[in-house]
Amino acid sequence: MWYILGALAAAVFLFLAVILIRGAMFRPLPEEKPQAGDVMLDEDKIVGHMVELLRCKTISYNDDSLIDKGEFEKFRELLPKLYPQVHKICTREFIGNTGILYRWKGKTPENPVVLMSHYDVVPVEEDRWEKPAFAGIVENGVIWGRGTLDTKGTLCGVMEAAESLLEQGYVPEHDIYFSFGGDEEINGPTVPAIVAELERRGIRPAMVVDEGGAVVENVFPGVKGECALIGIAEKGLTNMRFTASSRGGHASMPPAHTIVGELSKAVVDVENHPFPMQFTKPVAEMFDRLGRYSTFGYRVLFANMWCFKPLLDKICRMSGGELNALMRTTCAMTKMSGSKAYNVIPPKAEVGMNLRLLGQDTVESAKAYLEKVIHNPNIQVECVEGWNPSPDSDTSCQEWKRLCRAVGETWTEALVSPYLMMACSDSRHFCKITDRVYKFSAMKLSKEERGMIHGNNERVPVETLVKTVEFYVRLMRYC
């Protein structure tokens, strides 16, 4: 007995020693600290141009009859006036419903770079804004307006950087394309049309940069400093619907289980049986990068995922939120419908849900999983729309290193890291012709500012916008 207890104690001691030593050794790797060279810019000019872009009410609606196409045309006609050098040197063509594609010829057409943005915006509730959403008001060093963050700000950054470099006579090493769409907010067909045209021409980008992660603080466990998160993949999306039917009837004589009750049980079953945890490349690389800068307790956790995955899974399932969304396909119940009267049993009832698909999960496999979980032949499970997760982009190539260098030289205190993007962007369509699609909104954003995206009182500090231009100047110099 004493021999067995001694062996168990030795095993426990050895186990603790291993995980603690691994945690202690899980430290930042040697790297060269980025140096921020000067980028000379005209701040007043940048602000003035941004204000004019914001005053174009390029609002997207799913109902085409609500779209003011004149405002979109106004935006397109404004660009040559604001950026004459770009329109003198670069070619411009219109593709698809709203696409604008520029080509800036470099010293070689090989390994071209595509810089993306979209100029359509979501609708606003004017009465809930402190200042008019499309007036382009600048006050106390802050620019107010729909689109400042999503994503006229980055479009302005691209164009201002190109205009500045062209004024200096700069010629990039490789061709640079600017791809701007005007229907991203409604998952429109413009960027697929641009991708199809580039594919037809035999153009395979060496790198694509679009909206995505940003420079943020306090988003990773145990790391309080700035983190520049670059999306190397994005989750898929599918909207599913549970539908149940009955004979209806008067509510005074209900069956033992109404279809609303059956649907309710199905909802509870799904929430009690979340999709299995997956440890994908973007998340693994983010943990390996940022985890090394975390506090010791978290380093022990991240350095020993072979041991602590079940614990992390349990924590994620219980807490929900962003950490959980990084680890699994999520399912949010968002819509319900049934009878229009309290005393009528509905002949038909529905529950709608939004799923964000992770890793190996697909639209079809998610549907099959839901059917298995609810295990109710009386409930029909159907897919309303959806697409699968994007492939993971390469982080071992020179393009990734150049992008990280441009980010690091602009935000010198930030830890640059891969990231999994939870939302959807137009850039996913480019995965058809390249495996180097990176999602980075070139701004430092507070939690409050991130909450303004698609929300009320969207605005951006002038200093933040100027930094965006600086970033694109550096990135274009490395292209």
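These legends accompany close-up views of a predicted model.

**View 1. A nonpolar patch on the surface, built mostly around helix α1.** Let's start with the patch itself: V12, L14, F15, L16, V18, L20, F296 and W306 together make a nonpolar surface area of about 740 Å². Helix α1, spanning residues 2–25, is the largest contributor, giving six residues to the patch. One member worth picking out is L20, which sits in helix α1. With a relative accessibility of 40%, L20 counts as partly exposed, because that class covers the range between the buried limit of 20% and the exposed limit of 50%.

**View 2. Helix α1 crossing helix α10.** Here we look at how α1 meets α10, the helix of residues 305–319. Their axes come within 12 Å and cross at roughly 95 degrees, so α1 is roughly perpendicular to α10. On the α1 side, the contact is made by F15, V18, I19 and R22; on the α10 side, the partners are W306, C307 and F308. Readers coming from the previous view will recognise F15, V18 and W306, which are also among the residues of the nonpolar patch.

**View 3. T412 and its partners from far away in the sequence.** T412 belongs to the loop that links α13 (398–410) with β15 (415–421). Although 376 residues separate T412 from A36 in sequence, their C-alpha atoms are 6.8 Å apart in space. Leaving aside residues up to four places away in sequence, T412 touches K33, P34 and A36. The relative accessible area of T412 is 27%, so this residue is partly exposed.

**View 4. A cis peptide bond between D150 and T151.** Take a look at the backbone here: the bond leading from D150 to T151 is cis, and its omega is near -15 degrees. T151 itself is placed in the loop between β5 (142–144) and α5 (152–167).

**View 5. Two asparagines with positive phi, N111 and N457.** Neither residue is a glycine, yet phi is near 50 degrees for N111 and about 60 degrees for N457. Their settings are worth viewing side by side. N111 is part of strand β3, residues 108–118, while N457 lies in the loop between α14 (447–452) and β17 (459–461). Is each one buried or exposed? N111 has 43% relative accessibility and so counts as partly exposed, whereas N457, at a relative accessible area of 11%, is buried.

Key: Residues are numbered from 1 along each chain as its sequence is written. This is a predicted model: local features need pLDDT of at least 70, side-chain atom pairs count only at pLDDT 80 or more; totals for chains, interfaces and linings use all residues. Side-chain values use heavy atoms; hydrogens and water are left out. Patches are made of residues with over 30% relative accessible area and no salt bridge: like charges are joined within 9 Å, nonpolar side chains (Val, Leu, Ile, Met, Phe, Trp, Tyr) within 5 Å. Accessible areas come from the Shrake-Rupley method with a 1.4 Å probe; for residues, only the protein chains shown count as cover. A salt bridge is a side-chain nitrogen of Lys or Arg within 4 Å of a carboxyl oxygen of Asp or Glu. Helices (H or I, at least four residues) and strands (E, at least two) are DSSP runs, numbered from the N terminus. Buried means under 20% relative accessible area, exposed over 50%, partly exposed in between (1.4 Å probe, protein chains only). Axes are lines fitted to C-alpha atoms, for helices over the stretch in contact, and angles run from 0 to 180 degrees between N-to-C directions. Angles under 35 degrees count as roughly parallel, over 145 as roughly antiparallel, 65 to 115 as roughly perpendicular and the rest as oblique. Contact means heavy atoms within 4.5 Å.
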